[in-house]
Amino acid sequence: MIIIMLGAQGTGKGTVAGILSKETGMPQVSTGDIFRKNINDKTKLGVEADKYISKGNLVPDDITVPMVEDRLTWDDAKNGVILDGFPRTIEQAEKLDAILEKMGKKVDLVVNLVTPREEIIDRMVTRRICSNKNCKAGYNTKLNPPKVEGICDKCGSPLIQREDDSDPEAINRRLEIYEEKTSPLVKYYENKGVLQTENVSLSINRMGADVARDLLEQIRQRN
Ligand code: ADP
Ligand code: ZN
């Protein structure tokens with residue numbers, strides 16, 4: 001099963017994808033996480049990608065698309081994946097369709113997370129990640145704090161703020177790009193009949209974990 005997580009920054013895509021992955025056994029394929037790991041390891045791909053990521057711009061398709069294509073061929077992906085952060089443009093969606101078609105697969109479900117703008121900015125600013133690159137657990141100082149301030153519950157490493165989350169210009173740039181380049185994917189997948197929109201907001205007391213629980217129920221019924 002190929003599931004895509006769609007939604008602006010700070011809507012909880014990573015949280016929902018993480019829960020779905022843990023419960024279904026399908027890997028969470030986060031392009032942002034793969035880039036950050038490569039930046040950390042100073043690989044050629046990482047050095048190149050960082051030029052774009054540090055400014056809040058999209059990494060070009062000639063780097064991003066082959067990276068995802070390769071990831072889809074790994075053994076752990078044979079029963080499906082949860083794509084988190086890809087595709088982000090209509091071109092990427094079309095390229096993904098072509099890749100999947102060659103593999104005899106298709107996009108089965110696109111979860112579109114929607115959160116009010118005021119909450120989004122607040123959630124990006126309060127977001128923290130584990131500095132241990134093999135753990136990379138996500139937290140939020142307000143909504144999902146660790147048991148001990150600044151320390152990862154899972155591995156004890158210090159929590160850090162992503163560089164692009166501490167830069168207001170990079171935050172704004174990413175939200176702008178989302179509106180301009182990524183939000184057209186909502187219509188794209190709606191037309192294919194695979195879109196499911198889910199509201200995530202404090203105002204309705206519905207968070208990522210609630211959405212994930214409902215989705216798991218649905219996924220179980222499909223299988
Ligand atoms: P966010 O959703 O908060 O922007 P991600 O972790 O998904 O964070 O991505 C971090 C950065 O990695 C993005 O700002 C972008 O520069 C790059 N990136 C991630 N996914 C893609 C993609 N599908 N295409 C191009 N660039 C990407
Ligand atoms: Zn950790």
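Reader: Which residue in β8 stands opposite Val110?

Author: Happy to start there, with a note that this is a predicted model, in which local features need pLDDT of at least 70, side-chain atom pairs count only at pLDDT 80 or more, and totals for chains, interfaces and linings use all residues. Residues are numbered from 1 along each chain as its sequence is written, chains are lettered from A and ligands numbered from 1 in the order in which they are written, and side-chain values use heavy atoms, with hydrogens and water left out. Strands here are DSSP runs (E, at least two residues) and helices likewise (H or I, at least four), numbered from the N terminus. Opposite Val110, in β8, stands Leu195.

Reader: Over how many bridges do β4 and β8 pair?

Author: Two strands pair if DSSP finds at least two bridges between them. Asn112 faces Thr197 of β8. Strand β4 (residues 107–114) and β8 run in the parallel sense, and their bridges number five.

Reader: Which strands are the edges of the open sheet?

Author: The sheet has five strands in the order β2-β3-β1-β4-β8, with parallel pairing. An edge strand pairs on one side only, and that applies to β2 (28–30) and β8 (195–199).

Reader: Is β4 largely enclosed, and how many of its eight residues are buried?

Author: Let's take buried as under 20% relative accessible area, with exposed over 50% and partly exposed in between (1.4 Å probe, protein chains only). Strand β4 is largely enclosed by the rest of the structure, because the buried count among its eight residues is six.

Reader: Within what arc do the buried residues of α6 fall?

Author: In helix α6 (residues 117–125), the buried residues are Glu119, Ile120, Arg123 and Met124. The arc is that of the directions from the helix axis to the C-beta atoms. Seen down the axis of α6, these buried residues line one face of the helix because they fall within an arc of 130°.

Reader: Which residues does Thr182 touch, leaving out those up to four places away in sequence?

Author: Thr182 lies in helix α7 (residues 168–182). It counts as buried because its relative accessibility is 5%. Taking contact as heavy atoms within 4.5 Å, Thr182 touches Leu6, Arg88 and Ile177.

Reader: At roughly what angle do the axes of α2 and α3 cross?

Author: Axes are lines fitted to C-alpha atoms, for helices over the stretch in contact, and angles run from 0 to 180 degrees between N-to-C directions. The axes of α2 (residues 31–40) and α3 (residues 44–53) come within 8 Å and cross at roughly 115°.
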